[in-house]
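Got the viewer open and a selection tool ready? Let's walk through this one stop at a time.

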Amino acid sequence: MRRTLFPDYPSVMPTLQFRANAHLTSLWTAAPGEVLDLFDRDRERLRAWCPWVDGCRSLESLQEVMAAARRDFDEQKALWFVIRHRDAVVGVMGLYDLRASDRRSSIACMVEEAHEGLGLVYDAGAALTCYGMDALGLIRIEAQTAAENRRGIKTMERLGFRREGVLRCAQWLHDRPVDNVVYSLTAQDPRPRRIG
Ligand SMILES: CC(C)(COP(=O)(O)OP(=O)(O)OC[C@H]1O[C@@H](n2cnc3c(N)ncnc32)[C@H](O)[C@@H]1OP(=O)(O)O)[C@@H](O)C(=O)NCCC(=O)NCCS
């Protein structure tokens with residue numbers, strides 16, 4: 001059966017400038033070493049909530065991740081970006097699990113500790129959710145995180161995502177099962193606005 005495709009899907013990954021000195025640009029335009037350095041600088045903290053960084057410990061593994069991200073973009077499955085601030089790669093953000101048939105997607109994000117608390121994720125998230133809804137025509141963007149991830153939850157709520165409920169034992173986090181909270185922003189909700 002033929003998969004439904006997005007009618008206005010971009011032919012190249014967009015660059016989303018969300019501050020004079022910060023933008024989102026495709027994951028694979030970064031050098032693998034830049035992303036590896038980001039993970040290595042902050043590995044223990046990032047892996048607490050994003051256990052998949054454990055699979056990114058070498059340049060080869062990063063090259064594979066980037067190639068997969070490029071394939072996912074070509075197949076209309078995901079848009080993975082790095083957050084660049086003053087030319088440095090300081091985080092990763094993406095719309096993944098894109099489903100044209102239901103006009104929906106999920107969002108994920110991380111920023112290194114040295115750039116936390118500056119509102120970069122808020123501004124990047126606002127730009128990306130607006131892009132998803134305005135350019136791709138999404139009607140729902142979902143966010144899931146571990147119920148104990150207070151900072152992740154705060155970020156979603158600040159962006160205007162609404163809590164929908166709890167998925168019990170939704171992920172195996174290192175050595176134990178944890179519940180996930182589910183948040184969503186729909187096309188009917190107020191769009192996130194630039195703060196500050
Ligand atoms: C979750 C995570 C992405 C949040 O990052 P963050 O920097 O706190 O998020 P924001 O960009 O929204 O910044 C908000 C903070 O910046 C402050 N801020 C400063 N200027 C701001 C501005 N112009 N706009 C918005 N917030 C601003 C806010 O007051 C807030 O501070 P507070 O947390 O002390 O209240 C980050 O903690 C992280 O990467 N954690 C590890 C990975 C993770 O958990 N990912 C998500 C789940 S998979």
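**First stop: a hairpin at the end of the chain's element list**

Select Arg162 and Ser184: Arg162 stands opposite Ser184, which belongs to strand E8. Keep in mind as you look that this is a predicted model.

Now widen the selection to strand E7, residues 162-173, and strand E8, residues 176-186. The two run antiparallel and are joined by 8 bridges. They form a hairpin with 2 residues between them.

Is E7 buried or in the open? Of its 12 residues, the number buried is 0, so E7 lies largely in the open.

Next, click on His174, in the loop between E7 and E8. Its phi is near 65°, a positive value in a residue other than glycine. His174 has 10 C-beta neighbours inside 10 Å and therefore counts as exposed, the limit for that label being 12 or fewer.

**Across to Pro51**

Stay around His174 and select Pro51. Which residues does Pro51 touch, once its neighbours within four places in sequence are left aside? They are Leu173 and His174. Pro51 sits in the loop that links helix H2 (43-49) with helix H3 (59-74). Because it has 13 C-beta neighbours inside 10 Å, Pro51 counts as partly exposed.

Try a distance label here, too: from the C-alpha of Pro51 to that of Pro10 is 30 Å, and the two residues are 41 apart along the chain.

**Zoom out**

Time for the whole protein, coloured by secondary structure. You should find 5 helices and 8 strands. Read from the N terminus, the order is β-β-α-α-α-β-β-β-α-β-α-β-β.

The C-alpha atoms fill a box of roughly 45 × 40 × 35 Å along the principal axes. For 196 residues, a compact globule would have a radius of gyration near 16 Å, and the protein's 16 Å agrees with that. Buried residues make up 33% of the 196. Look at contacts with a separation of 6 or more, and 62% of them are between residues 24 or more positions apart.

If you want a span to highlight, take residues 33-188: an unreviewed UniProt entry annotates them as "domain: N-acetyltransferase". This span is 36% helix and 37% strand, and its end C-alpha atoms lie 40 Å apart.

**Three strands in a row**

Select strand E3 (residues 79-85) and strand E4 (residues 88-99). They pair in the antiparallel sense over 7 bridges, and Leu79 stands opposite Leu95 in E4. The pair forms a hairpin with 2 residues between the strands, and Arg86 in the turn has a positive phi of about 45°.

Add strand E5, residues 104-111. E4 and E5 run antiparallel as well, joined by 7 bridges. For a landmark, pick Gly94, whose bridge partner in E5 is Ala108.

Now follow E4 into the loop that leads to E5. The hairpin has 4 residues between the strands, and Arg103 takes a positive phi near 55° there. With 17 C-beta neighbours inside 10 Å, Arg103 counts as partly exposed.

**Into the core**

Show Leu24, Phe81, Ile83, Met93, Ala124 and Leu128 as sticks. These are the residues with the most contacts inside the largest nonpolar core, which has 50 residues. Which helix gives this core its largest share? Helix H4 (residues 120-134) does, with 8 residues. In general, nonpolar side chains tend to be buried together in soluble globular proteins.

Centre on Ala124. Beyond its neighbours within four places in sequence, Ala124 is in contact with Phe18, Leu24, Ile83 and Met93.

**Last stop: a helix with two sides**

Select helix H5, residues 150-158, and look down its axis. Its buried residues are Gly152, Thr155 and Met156. Their directions fall within an arc of 95°, so they line one face of the helix. A helix has 3.6 residues a turn, so residues three or four places apart point the same way.

What do the buried residues of H5 pack against? Their partners are H2, H4, strand E6 (140-146) and E8.

Spin to the other side of H5 and you'll find Arg150, Arg151, Lys154 and Glu157, which are exposed. To finish, step just past the end of H5 to Gly160, which takes a positive phi of about 95°.

How values were computed: Residues are numbered from 1 along each chain as its sequence is written. This is a predicted model: local features need pLDDT of at least 70, side-chain atom pairs count only at pLDDT 80 or more; totals for chains, interfaces and linings use all residues. A residue is buried if 20 or more other C-beta atoms lie within 10 Å of its own, exposed if 12 or fewer, and partly exposed in between; C-beta atoms are placed from the backbone. Two strands pair if DSSP finds at least two bridges between them. Two residues are in contact if their C-beta atoms, placed from the backbone, lie within 7 Å. A nonpolar core is a set of buried Ala, Val, Leu, Ile, Met, Phe, Trp, Tyr and Cys residues joined through C-beta atoms within 7 Å. The radius of gyration is taken over C-alpha atoms; the globule rule is 2.2 Å times the number of residues to the power 0.38. UniProt positions are given in the numbering used here, feature names are shortened, and annotations may be inferred rather than shown by experiment. The arc is that of the directions from the helix axis to the C-beta atoms.
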